[in-house]
Amino acid sequence: SFDRRKLPSRYRGAMADEPPSRLDRLWELRKTRTATTLLKFTSIFGGLFLVLAGIIGLTGIFQGQIVYFVGSLYAIIFGCTVLIVEVRDKVPMVSAAYQQIDVYLKFMTLQRGKGLYYLGVGLLVLYIGPDGTSSWGLNNVAALLLAIIGVSHTFKLIKESDPVLGPGNDVPLAPGADFSSTRSDWGNMVAAANKPR
């Protein structure tokens, strides 16, 4: 026989007029405007912090810390990329840069792609320590924060709204760009190349 009590609470509540559990209510809060605003704010703060830490880390060149100096350059570039992705079309200059990201780094326009990028950049910069040791610098703290933000994006702990159409999305695909005929074309090319002469 079927026992409703063995089902997870989110299904039990829907079937048997029970109020939703605390976990279900918490899971629904991740879609609220407050939660998405908090995620956007922390992402922008993480990008700004990474840029600031990178600028401060550039002083490592005066102590002969070449690796940390290069890591600081990476931090500045990656931090600017984070800011461009998060600010998008709020400022005309940023909007132009975002269009390039939208075309060449399309995965960063989606929440999970952006999260994986933030996580990867955070982990990369995290392991570049000052003076070649395992001690921590400001870059490492900023990178750890960005990696945590990346986890929240990747696993959609807070769900962002779906992206709006970016530049080029309203343009139809070129003929054959849907890759439906690629396999037969490739097969014909291979067959022609292997044909005895």
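**Exercise 1. A polar contact and its surroundings**

A polar contact of 3.1 Å joins the side chains of glutamate 160 and lysine 114; work out where glutamate 160 lies, whether glutamate 160 is buried or exposed, and which residues surround it.

*Solution.* The model is predicted, so that local features are described only where pLDDT is at least 70 and side-chain atom pairs only at pLDDT 80 or more, whereas totals for chains, interfaces and linings use all residues. Residues are numbered from 1 along each chain as its sequence is written, and side-chain values rest on heavy atoms, with hydrogens and water left out.

Step 1: a polar contact is a pair of N or O atoms within 3.5 Å, where, within protein, one atom must be able to donate a hydrogen and the other to accept it, and where residues adjacent in sequence count only if both atoms are side-chain atoms.

Step 2: glutamate 160 is placed in the loop between α7 and α8 (182-194), the helices being DSSP runs of H or I with at least four residues, and strands runs of E with at least two, numbered from the N terminus.

Step 3: glutamate 160 counts as buried because its relative accessibility is 11%, where buried means under 20% relative accessible area, exposed over 50% and partly exposed in between, with a 1.4 Å probe and protein chains only.

Step 4: apart from neighbours within four places in sequence, glutamate 160 is in contact with Thr36, Leu39, Glu86, Arg88, Gln111, Lys114 and His153, a contact being heavy atoms within 4.5 Å.

**Exercise 2. A network of charged side chains**

Trace how Lys40, Glu86, Lys114 and Glu160 are linked, and find which parts of the chain each pair ties together.

*Solution.* Step 1: the whole structure holds four salt bridges, a salt bridge being a side-chain nitrogen of Lys or Arg within 4 Å of a carboxyl oxygen of Asp or Glu.

Step 2: one of them pairs lysine 40 with glutamate 86, with 3.2 Å between the closest N and O atoms. Since lysine 40 belongs to helix α3 and glutamate 86 to helix α4, this pair ties together parts that are 46 residues apart in sequence. Lysine 40 is partly exposed at 25% relative accessible area, whereas glutamate 86 is buried at 3%.

Step 3: glutamate 86 also forms a salt bridge with lysine 114, whose closest N and O atoms are 3.4 Å apart. Lysine 114 lies in helix α6 and glutamate 86 in helix α4, so this pair ties together parts that are 28 residues apart in sequence. Both of these residues are buried, lysine 114 with a relative accessible area of 1%.

Step 4: lysine 114 meets glutamate 160 in a salt bridge of 3.1 Å, N to O. Here helix α6 is joined to the loop between α7 and α8, so the pair ties together parts that are 46 residues apart in sequence.

**Exercise 3. Helix α7 and what covers it**

Describe the span of helix α7, its buried residues, their cover, and the residue with positive phi that follows the helix.

*Solution.* Step 1: α7 (residues 138-154) has 17 residues and reaches 24 Å from its first C-alpha to its last, close to the 24 Å expected, the expected span being 1.5 Å times one less than the number of residues.

Step 2: among the buried residues of α7 are Asn139, Ala143, Leu146, Gly150 and His153, and their cover includes α3 (33-57), α4 (66-87) and α6 (111-126).

Step 3: within α4, glycine 71 counts as buried at 1% relative accessibility. Beyond neighbours within four places in sequence, glycine 71 is in contact with Ile128 and Asn139, and its C-alpha is 6.4 Å from that of valine 125, 54 residues apart along the chain.

Step 4: lysine 156, in the loop between α7 and α8, has a positive phi of about 50° although it is not a glycine. Most residues other than glycine have a negative phi. Lysine 156 is partly exposed, with a relative accessible area of 22%.

**Exercise 4. The chain as a whole**

State how many helices and strands the chain has, and where pLDDT stays under 50.

*Solution.* Step 1: the chain has eight helices and zero strands, and buried residues make up 32% of its 197 residues.

Step 2: the mean pLDDT is 80, with 73% of residues at 70 or more, pLDDT being the predictor's confidence in each residue, from 0 to 100. Over residues 170-183 pLDDT stays under 50, and the model has one contact beyond four places in sequence for them. Where pLDDT is low, the predicted coordinates should not be read in detail.
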